[in-house]
Amino acid sequence: MSRKTLKTKKTKKRNRRPGPPGPYALLPVLLMGLGAFSNLLQGETSNPWVGGLGLLAFNSLYISVVFRGFDRRKRESVTSYVLLAAMGALTFGLAMGYGGNWLLFFPLFSLACGTILRGRRLGVGLIVLAGCACAVAVWRGDHVSEPWTIGYGTFISGGVTAAILTLSETVMELRATREELARSAVEQERLRFSRDLHDLLGHTLSVVVVKSEAARRIAPLDIDAALAQVSDIESVGRQALTEIREAVTGYREGSLATELDRAGPVLSAAGIEAVVHRSGPPPDPETDTLLGWVVREAVTNAVRHSGATRCVFELGSTPDRVRLTVTDDGAGPGPDQPAGTAGGTGLRGLAERLAAAGGSLESGPGPDGGFVVTAELPAWPGDGAGGRNCG
């Protein structure tokens, strides 16, 4: 066995958490029947063959019932109740027939009931069983302790056993739920990172392509202007590296105002006029961040697919809701380049993110042509803002 395998096994053993008690933990309780076994060996029991077979049958039924009690499917089966009934009949028969140490089979039978029965059945059963144990002890008159002690021991044995097993099962279920929530959190974080990375790289690469095409077109005519476009490409690349690092660490906070400021030069380089209209109070910071992602994705789609000449951003907010509409006059994405909540990866991811925040995102052809992206989110009141044109 390799050293790495041994180390892994030691780590698993060290990190293993204690689970609920198993059926083997209840087997030592059978030592309570040693008094009856001693009576058999010393010849103090009449009909020793009957008593011996009864003791063997009782122990066998006890072990069978206890092991079935730790499997929920078997515990709730008819067979378990039949075995428990047989054990009960044997308990009464041995206790009434021999008395003395054999009365201690009542607490053992009660313990077995605690592994099988739950709820009202258990409560009623333990009360009846404890009363019967006390009555049999009084009737026999040769009990090893006070009758009420035998009755109390019978009741408490089943009650404590059922409580411990129920608590253990609940702890295991909670542990499984916590592990499932942890897996879900990891999946959500992976989804968040993939969305952020898609939006960041998609937008950045689109800007790089547009500016590279612009530099190629104007280079023969104006080398200084072409070098300015190349300088912009360098700046966009550096900014993208910073944003990717922030996305990896989970600290990136986009801004609607920042994305709108960036949208103007990017769209202008692609030959698209950008117009922004704002009204109402600014949204909450979380909503502002989500709308910044919407602007980034809408700009990316407009540059990549639309062939538009004009792109209008309309932001209107009330004390309760904020609505952002991005409209371009292009043809929208082609058949091989889908966009929108139904097809585009970026807009579809944004739709899921906005839905989680109590909002919605819709995209598709506009009534007058072009392509429209509409986002709605909850908003909280703040200071008003005016309109501006970044074209």
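Start by selecting phenylalanine 106. Leaving aside residues up to four places away in sequence, phenylalanine 106 touches Thr91, Phe92, Ala95, Leu129, Ala133, Val136 and Thr154. Show those side chains too. Keep in mind that this is a predicted model.

Is phenylalanine 106 buried or exposed? Its relative accessible area is 0%, so it counts as buried, the cut-off being under 20%.

Now color the helix around it. Phenylalanine 106 belongs to helix 6, which covers residues 105-116.

Next, add glycine 151 to the selection. In sequence, phenylalanine 106 and glycine 151 are 45 residues apart. In space, their C-alpha atoms are 8.3 Å apart.

Move on to the sheet. Here five strands form an open sheet in the order 1-2-3-5-4. The pairing is mixed. Which strands are at the edges? Select 273-279 for strand 1 and 360-365 for strand 4; each of these edge strands pairs on one side only. Look along the sheet: on average, neighbouring strands are turned by 10° against each other, direction ignored.

Zoom in on strand 4 and strand 5. Strand 5 spans residues 371-378. The two strands run antiparallel, joined by six bridges. For one pair to pick out, select leucine 361 and its bridge partner in strand 5, alanine 375.

Last stop: helix 10, residues 256-269. What does helix 10 touch as it packs on the sheet? The helix touches strand 1 and strand 2, the latter at 310-317. Compare directions as well: that of helix 10 makes about 155° with that of strand 1.

Technical notes:
Residues are numbered from 1 along each chain as its sequence is written. This is a predicted model: local features need pLDDT of at least 70, side-chain atom pairs count only at pLDDT 80 or more; totals for chains, interfaces and linings use all residues. Side-chain values use heavy atoms; hydrogens and water are left out. Helices (H or I, at least four residues) and strands (E, at least two) are DSSP runs, numbered from the N terminus. Buried means under 20% relative accessible area, exposed over 50%, partly exposed in between (1.4 Å probe, protein chains only). Contact means heavy atoms within 4.5 Å. Two strands pair if DSSP finds at least two bridges between them. Axes are lines fitted to C-alpha atoms, for helices over the stretch in contact, and angles run from 0 to 180 degrees between N-to-C directions.
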